[in-house]
Amino acid sequence: VKIDVEELPRATDNAVIGKNPREKTDKEVTWIEEGVATIMFPWWRITFIEVLPSADDEVEFPLPFRTD
């Protein structure tokens, strides 16, 4: 699942809160009620977090997959 977060979670946080939940393929998730825009995942449900580069960093360090 992908979500957009305002800032990286701190070690003292109990959960990760994000907006715009979607599948890895950017499709809408089917297990969330329609219209839900913000979701909270407790830490015990999270295996890892990937941090994508900002728009400025993306030019300097391109992502390792094709975009065509």
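Buried here means under 20% relative accessible area, and exposed means over 50%, with partly exposed in between. Keep that in mind for the close-ups below, which all come from a predicted model.

**View A. The two faces of strand 3.** Walk along strand 3 and the side chains alternate. Ile39 and Phe41 point to one face and are buried. Thr38, Met40 and Pro42 point to the other face, and these three are not buried. For Phe41, the relative accessibility is 18%, so this residue falls under the 20% cut-off.

**View B. The sheet as a whole.** Here we have three strands in an open sheet, lined up in the order 1-2-3 with antiparallel pairing. Strand 1 and strand 3 (38–42) sit at the edges with a single partner strand each, so one side of each has no neighbour in the sheet. On average, neighbouring strands of this sheet are turned by 60° against each other, if you ignore direction.

**View C. Where strand 2 meets strand 3.** Zoom in on this antiparallel pair and you'll find five bridges joining strand 2 to strand 3. Which residue of strand 3 is the bridge partner of Gly18? That would be Ile39, one of the buried side chains from View A. Ile17, meanwhile, stands opposite Met40, and Met40 points to the face of strand 3 where side chains are not buried.

**View D. An aromatic pair.** The count of aromatic pairs comes to one. Why is the pair of Trp31 and Phe41 called edge-to-face? The ring centres are 6.4 Å apart and the planes stand at 65°; planes over 60 degrees apart count as edge-to-face, so the label fits. The two partners come from distant parts of the chain, ten residues apart: Trp31 lies in the loop between strand 2 and strand 3, while Phe41 belongs to strand 3 itself. Their surroundings are worth a look too. Trp31 has 49% relative accessibility and therefore counts as partly exposed, whereas Phe41, at 18%, counts as buried.

**View E. A nonpolar patch on the surface.** Leu8, Trp43, Ile49 and Val51 make up a nonpolar surface patch of about 380 Å². To find Leu8, look in the loop between strand 1 (2–4) and strand 2 (15–22). Is Leu8 buried or exposed? With a relative accessibility of 53%, Leu8 counts as exposed.

Methods: Residues are numbered from 1 along each chain as its sequence is written. This is a predicted model: local features need pLDDT of at least 70, side-chain atom pairs count only at pLDDT 80 or more; totals for chains, interfaces and linings use all residues. Side-chain values use heavy atoms; hydrogens and water are left out. Patches are made of residues with over 30% relative accessible area and no salt bridge: like charges are joined within 9 Å, nonpolar side chains (Val, Leu, Ile, Met, Phe, Trp, Tyr) within 5 Å. Accessible areas come from the Shrake-Rupley method with a 1.4 Å probe; for residues, only the protein chains shown count as cover. A salt bridge is a side-chain nitrogen of Lys or Arg within 4 Å of a carboxyl oxygen of Asp or Glu. Helices (H or I, at least four residues) and strands (E, at least two) are DSSP runs, numbered from the N terminus. Buried means under 20% relative accessible area, exposed over 50%, partly exposed in between (1.4 Å probe, protein chains only). Two strands pair if DSSP finds at least two bridges between them. Axes are lines fitted to C-alpha atoms, for helices over the stretch in contact, and angles run from 0 to 180 degrees between N-to-C directions. Rings of Phe, Tyr and Trp (its six-membered ring) pair if their centres lie within 6.5 Å; planes under 30 degrees apart count as stacked, over 60 as edge-to-face and the rest as tilted.
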